[in-house]
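Could you walk me through this structure while I have it open in my viewer? Please tell me what to select at each stop and what is there.

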Amino acid sequence: MQRSLIGTPKTALDTPALCLDLGVVESNIRRMAGYFQDGPVRLRPHTKTHKSPVLAHMQVAAGAIGITCAKLGEAEVMAEAGLKDILIANQIVGAGKIARLVNLAALTEVMVAVDDAANVEELDRAARAAGVTLRILVEVNIGLNRCGVVPGQPVHDLACRVAVAPGLRFEGLMGYEGHTVFIRDPEERRRKTEESLAGLVESADLVRSAGIPVQIVSSGGTGTCFITGRYPGITELQVGSYITMDAQYREEVGMDFAYGLTVMSTVVSAPTPDRAECDAGLKTITQDFGLPRVIDPPGWELAGLAEEHGHLHRLDGPPLRPGDKVEIVPNHGCTTINLHDEYWVIRDGVLAAVWPIAGRGKVY
Ligand SMILES: Cc1ncc(COP(=O)(O)O)c(C=O)c1O
């Protein structure tokens, strides 16, 4: 069925349809790779955004040294699809998950974050029992106040524990300045990001002063890529959203990557000239970062979302009728993509392929 649809114009697809513009995505990948092709950092793109092994392979082909995943389940999907050198930028806790982690480590190069001494011991025991070596980054809380140990002595102390654990290999440190990536004022974003990164890099120096090599110091998001990517001492960038982009990053933060992800939707009701309902609601497109943006037709906006309805409000656009198509840009690409089983891959305005979003829902 899907194959017979190849060549269908984007505007004639059954809806709602999550559309990936391949030309735009390729260009976003090339641009980010180009910015850092001569260093000083290497790219380890965060695949929690797109959750697609095909897109991850494209990022690696463009020069990324490996990938980042948010969850073990995502990492398993990526490893099965042949991706190597995978950072799980998260803590893996509990016997069941750790058993899966050591299995994964037997299949591919995998790294995991730690911020707790008991977890380090659990991981070490499991790795030794399975005869594998787990690569470890100590996660540092650089201001996001999510996971991670505070910068300085606690980082040193945990790194020392990892370094002497026979089943583990200490690779370095990981931070994430998620509290600064969306700051609108560029100067404030720079200042707060650099303040945060200082604690990460100083922690790395402290670990080195104990005679422990620190190969990796990883951090960064799309909103801070040009700051973190040029900060002395940072070795890797974990950028995610740049590949597809979303309205929050482009319109509010001003990051100049193009929209590669839109939702095509159909008007199902147009009760008044100023109001219409489309078939993209909360089960199609998320609003955790605010309401999505209508890009076509111009002069309409989304005033709200119900489960299966998008409430369209006319500004100065043309009247809409049932059956008309509306193209919408998500305000948060990552959570929107996770609602869908497949991308409708568009090239030059027509359907070129349908790709499964294999990591979708792999939150375990
Ligand atoms: C650990 C980590 N690294 C990096 C990122 C960067 O993502 P983005 O480029 O989408 O801001 C995220 C986003 O949530 C993250 O959680």
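Start by selecting lysine 48 together with the ligand: a polar atom in the side chain of this lysine lies 3.0 Å from an oxygen atom of the ligand. Keep in mind on this tour that the model is predicted.

Now add arginine 146, whose side chain has a polar atom 3.1 Å from an oxygen atom of the ligand. Then pick glutamine 238, where an N or O atom of the side chain is 2.6 Å from a nitrogen atom of the ligand. How much of the ligand does the protein bury? Taken alone, the ligand exposes 400 Å², and the protein buries 91% of that.

Next, show everything around the ligand. You should find 13 residues surrounding it, and the closest are Thr222, Gln238, Gly240, Ser241 and Tyr249. Try colouring this shell by residue type: four residues are nonpolar, seven are polar and two are charged. If your viewer can draw pockets, look for the largest one, since that is the space taken by the ligand.

**Two peptide bonds to zoom in on**

Most peptide bonds are trans. With that in mind, select glycine 39 and proline 40, which are joined by a cis peptide bond with omega of about 5°. Proline 40 sits in the loop between α1 (22-35) and β2 (42-43).

For another cis bond, go to aspartate 296 and proline 297, where omega is about 0°. Here proline 297 belongs to the loop between β12 and β13 (300-305).

While aspartate 296 is selected, add lysine 283: the two are 13 residues apart in sequence, and their C-alpha atoms are 21 Å apart in space. You will find lysine 283 in the loop between β11 (275-278) and β12 (293-296). Its relative accessible area is 47%, so lysine 283 counts as partly exposed.

**Two backbone angles to check**

Most residues other than glycine have a negative phi. Select aspartate 85, which is not a glycine and yet has a positive phi of about 55°. This aspartate lies in the loop between α3 (72-80) and β4 (86-91). Is aspartate 85 buried or exposed? It counts as buried, because its relative accessibility is 17% and the cut-off for buried is under 20%.

For the last stop, choose methionine 245, another residue that is not glycine but has a positive phi, near 60°. Methionine 245 is in the loop between β9 (236-237) and α9 (247-252). With a relative accessible area of 0%, methionine 245 is buried.

Note on methods:
Residues are numbered from 1 along each chain as its sequence is written. This is a predicted model: local features need pLDDT of at least 70, side-chain atom pairs count only at pLDDT 80 or more; totals for chains, interfaces and linings use all residues. Side-chain values use heavy atoms; hydrogens and water are left out. A residue is near a molecule or strand if one of its heavy atoms lies within 4 Å of it. A polar contact is a pair of N or O atoms within 3.5 Å; within protein, one must be able to donate a hydrogen and the other to accept it, and residues adjacent in sequence count only if both atoms are side-chain atoms. Accessible areas come from the Shrake-Rupley method with a 1.4 Å probe; for residues, only the protein chains shown count as cover. On a 1 Å grid over the protein atoms alone, a cavity is a set of points where a 1.4 Å probe fits but cannot get out, and a pocket is an open set with protein on both sides within 12 Å along at least five of seven lines; lining residues have an atom within 4 Å of a point. A molecule sits in a cavity or pocket if more than half of its atoms lie within 2 Å of its grid points. Ala, Val, Leu, Ile, Met, Phe, Trp, Tyr, Cys and Pro count as nonpolar, Asp, Glu, Lys and Arg as charged, and the others, Gly among them, as polar. Helices (H or I, at least four residues) and strands (E, at least two) are DSSP runs, numbered from the N terminus. Buried means under 20% relative accessible area, exposed over 50%, partly exposed in between (1.4 Å probe, protein chains only).
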